[in-house]
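Biologist: Please take one part of this model and go through it closely. Then show me how that part fits with the rest.

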Amino acid sequence: MQDALATENDEASTPESMPETSAALLPSVDFATLLEKGADVKGWLESPGTAISYPIVQSDDNAYYLKHLYDGTANKNGCPFIDYENAPDFSDNNTIIYGHNMRDGSMFSSLREYAEDYYAERRVTC
């Protein structure tokens with residue numbers, strides 16, 4: 001599903017509400033197509049070296065996207081979403097993003113391994 005949204009070129013078209021960012025930091029995502037399928041899309045979350053690469057949405061509550069995908073399809077896995085009280089343009093000092101840590105290893109479960117590996121590689125002993 002996500003691969004269909006990624007473009008082949010290095011340029012990414014971004015929603016007008018997204019803040020200016022270095023193009024090198026943006027994943028190659030066709031935001032125009034993404035916004036056609038889900039008007040609540042506010043950005044894309046990607047963590048290199050992990051399976052994390054998802055659209056980020058926001059609604060007027062913190063319940064809807066717990067059990068819906070970015071396009072409104074009902075799904076028990078839900079979709080990563082911004083807290084409804086955060087600014088949709090990421091202009092707050094901190095933006096809270098919610099998402100499921102699935103037992104089957106999908107979604108954000110790779111962060112656990114990342115944290116363990118990251119810590120192990122950089123552990124300082126006295």
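Modeller: A strand here is a DSSP run of E with at least two residues, and strands are numbered from the N terminus. Keep in mind that this is a predicted model. The part I choose is the loop between strand S3 (81–82) and strand S4 (97–98), where Asn-86 is found.

Is Asn-86 buried or exposed? Its relative accessible area is 11%. The cut-off for buried is under 20%, so Asn-86 counts as buried. Its side chain makes a polar contact of 2.9 Å with the side chain of Asp-92. Leaving out residues up to four places away in sequence, Asn-86 touches Asp-92, Asn-94, Thr-95 and Ile-96, and also Gln-58.

Now turn to Phe-81, in strand S3 (81–82). Setting aside neighbours within four places in sequence, Phe-81 is in contact with Ile-56, Val-57, Asn-62, Tyr-65 and Leu-66. Phe-81 also contacts Ile-96, Ile-97 and Tyr-98. Ile-96 thus appears in the contacts of Asn-86 and in those of Phe-81.

Phe-81 belongs to the largest nonpolar core, which has ten residues. The other members are Val-29, Phe-31, Leu-34, Val-41, Trp-44, Val-57, Tyr-65, Tyr-70 and Cys-79. Helix H2 (31–37) and S1 each supply at least two residues of this core. A second, separate core has five residues, including Ile-52, Tyr-54, Met-102 and Met-107. Nonpolar side chains tend to be buried together in soluble globular proteins.

Strand S2 comes next. Why call S2 (residues 53–57) largely enclosed by the rest of the structure? Five of its five residues are buried, so the description holds. S2 pairs with strand S1 (residues 41–46) in the antiparallel sense, over five bridges. Leu-45 stands opposite Tyr-54 in S2. Tyr-54 is a member of the second core, whereas Val-57 is in the ten-residue core. In a regular strand, side chains alternate between the two faces of the sheet. Six residues lie between the strands of the S1 and S2 hairpin, where Gly-49 takes a positive phi near 85°.

Finally, the whole protein. It has three helices and four strands. Along the sequence they follow the pattern α-α-β-β-β-β-α. Of the 126 residues, 31% count as buried. Among contacts between residues at least 6 apart in sequence, 35% join residues at least 24 apart. The protein exposes about 8,600 Å², and carbon and sulfur atoms supply 48% of that area.

How values were computed
Residues numbered from 1 in each chain as written. Predicted model: local features only at pLDDT ≥ 70, side-chain atom pairs only at ≥ 80, totals over all residues. Heavy atoms only, no water. Buried < 20%, exposed > 50% of the residue type's maximum accessible area, 1.4 Å probe, protein only. Pairing = 2+ DSSP bridges. Polar contact = N/O pair within 3.5 Å; in protein donor to acceptor, adjacent residues only side chain to side chain. Contact = heavy atoms within 4.5 Å. Core = buried A, V, L, I, M, F, W, Y, C linked by side-chain atoms within 4.5 Å. Areas by Shrake-Rupley, 256 points an atom, 1.4 Å probe, with all protein chains shown as cover.
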